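Visitor: Hello! I would like a close look at a single part of this protein, and then a walk outward from there to the rest of the chain.

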Amino acid sequence: MRARMLLTLPLLPVLLTVMAGAQTHRESTLASFPSIDNGPVLPTGGLIIDAAGHLYGSSQGGVNNLGAIFEVTPAGVVSLLHSFSGADGSYPVVNPIRDRAGNLYGTTSQGGASTGCSCGTVFKLTPEGELTVLHSFTGGYAYPSALTIDAAGNLYGFEFATNANGSVFKVSPEGTFSVVYNFCSLANCADGSAPVGSLIINKAGNLYGTTNRGGQFNQGAVFELTPEYAESVLYSFTGGSDGGNPVGKLTQDAAGNMYGVTYAGGATASSGYGTVFKITPAGTESVLYSFCQLTNCADGARPAGALLLDGVGNLYGTTILGGTHDAGVVFKVTYAGVESVLQDLTIEADGGNGAVLDRAGNVYVEIYSGGKSGEGSVIKLSPHRLRQN
């Protein structure tokens, strides 16, 4: 029986937008799982998109019911790229990443070659479908994060087998594994604890990420790791109006500013239901939006997953609560901090994985157990304008 596992042109003046008509989004189902026999079901971890508009993700299902990597074309055709067997990993729960040659890299939560436990793997999947296990974790369940790749092809991520408070690991293109930083190395975990999401990397080779706990106030932190693996905290959350307990991956603009979400905190009077925040390279933090400002949290509550930044400074993301069904929303926040709901979600699990955007402005979200068969789907939110009378 299959287990269900949850897991950068300024904007035109607002007056012109109102005169031309308000923009909203039209929802359609791009793909429903299962679309093919022994294919992917119950997608988890979020999607990625390539320049041609093809979507890639991780799921349960596959030939061995141990998980799969899939592709969805712009026309909605689903392909099974790899079915895991256990020795090569099992149960992937985070999104893969893709290099310029079209290779996919990812992690699995279980499986691998370790004789001590089914601890998880780091893998590479070529465009021809050949999978190589670059590393099998040992010593305990690693719960590895999604990966980040540098210019030399080194992969970075978080794991919890080496250190219960979380570690940053590196895997070379040849598969050499090393731990480059252990969190909670400072008194009271001032350097952060429990890293979440995945890392981002800038042109200088500095790595950035968030921790859900630790920092000065034990409400999480944004940190920097230099190419020499020296760690520093850019900002410690207080859990108040600035937010608390960040989740998901940061996103960075051309000026080096970073954007993310916190699960808790915010300026909402009733309670802290999370924020969208901005942090400068110097560590100055500001809140762009605090959730649950509308009655019954119609604007969403408890954001999760990565934010997406478009070419004019709008941010897109998802929440796991709030909205019409109290199951989360797909939202957009402008550079000025104006929030709008693009879609109400009906299953709480769907709001944890964020959204992706194509060049035409269409937003894509994976639905954990939606679609015709209840085994998952990918929805497409297409922008269009409503004329004002």
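Is F177 buried, partly exposed or exposed?

Guide: Happy to help! Please keep in mind that this is a predicted model. F177 has a relative accessible area of 26%, so it counts as partly exposed; the cut-offs here are under 20% for buried and over 50% for exposed.

Let us place this residue first. F177 belongs to strand β13, a strand that covers residues 177–182. Leaving out residues up to four places away in sequence, F177 touches H135, F137, E159, F169, K170 and V171. One of these partners, F137, is also a member of a nonpolar core of 12 residues, a core that includes Y105, C117 and L134 as well. For a sense of distance, take S58, which is 119 residues away from F177 along the chain: the C-alpha atoms of the two are separated by 23 Å.

Now follow the chain onward from β13. The loop between β13 and β14 (193–201) holds C184. The phi angle of C184 is near 65°, a positive value in a residue that is not glycine. C184 has a relative accessibility of 24%, so this residue counts as partly exposed.

Beyond that loop, strand β15 spans residues 207–213 and contains N212. With a relative accessibility of 17%, N212 counts as buried, because the cut-off for that label is under 20%. Its contacts beyond four places in sequence are S193, A194, V196, Q219, G220, N245, P246 and V247.

Strand β17 (residues 231–236) is the next stop, and S232 lies in it. S232 is at 30% relative accessibility, so it is partly exposed. Setting aside neighbours up to four places away, S232 is in contact with V222, F223 and E224. The C-alpha atoms of S232 and Y208 are separated by 9.9 Å, with their positions 24 residues apart along the chain.

Further along we reach the largest nonpolar core, which has 15 residues. Y259, V276, L288, L307, L315, F331 and V333 are the members with the most contacts inside this core. Several strands give two or more residues to it: β19 (258–264), β21 (285–290), β22 (301–309), β23 (315–321) and β24 (329–333). Y259 is a good residue to zoom in on. Apart from residues up to four places away in sequence, Y259 touches K249, L250, T251, D253, F277, K278, L288, L307, L309 and L315. As general background, nonpolar side chains tend to be buried together in soluble globular proteins.

Two of the strands that feed this core, β21 and β22, are joined by a loop where you can find N296. N296 has a relative accessible area of 69%, so it is exposed. Its phi angle is near 55°, again a positive value in a residue other than glycine.

Next, turn back toward the start of the chain. P34 sits in the loop between β1 (22–32) and β2 (40–49). The peptide bond leading from F33 to P34 is cis, and its omega angle is near -5°. After that comes strand β3 (residues 55–61), where S59 is found. S59 is at 0% relative accessibility, so it counts as buried. Not counting neighbours within four places in sequence, S59 is in contact with P40, V41, L42, P43, T44, G67, A68, F70 and P92. S59 and V93 are 34 residues apart along the chain, and their C-alpha atoms are separated by 6.9 Å.

Finally, step back and view the whole chain. There are 28 strands and 1 helix. The radius of gyration is 20 Å, close to the 21 Å that the globule rule gives for 389 residues, so the chain is as compact as a globular protein of that length. Along its principal axes, the C-alpha trace spans about 65 × 55 × 35 Å. Of the 389 residues, 57% count as buried. The chain exposes about 16,200 Å², and carbon and sulfur atoms supply 51% of that area. As for charges, there are 18 positive and 28 negative ones, and the mean positions of the two sets are 7 Å apart.

So, to return to your starting point: F177 is a partly exposed residue in strand β13, and H135 and F137 are among the residues that it touches.

How values were computed:
Residues are numbered from 1 along each chain as its sequence is written. This is a predicted model: local features need pLDDT of at least 70, side-chain atom pairs count only at pLDDT 80 or more; totals for chains, interfaces and linings use all residues. Side-chain values use heavy atoms; hydrogens and water are left out. Helices (H or I, at least four residues) and strands (E, at least two) are DSSP runs, numbered from the N terminus. The radius of gyration is taken over C-alpha atoms; the globule rule is 2.2 Å times the number of residues to the power 0.38. Buried means under 20% relative accessible area, exposed over 50%, partly exposed in between (1.4 Å probe, protein chains only). Accessible areas come from the Shrake-Rupley method with a 1.4 Å probe; for residues, only the protein chains shown count as cover. Lys and Arg count as positive and Asp and Glu as negative; His and the chain ends are not counted. The place of a charge is taken as NZ of Lys, CZ of Arg, CG of Asp or CD of Glu. A nonpolar core is a set of buried Ala, Val, Leu, Ile, Met, Phe, Trp, Tyr and Cys residues joined through side-chain atoms within 4.5 Å. Contact means heavy atoms within 4.5 Å.
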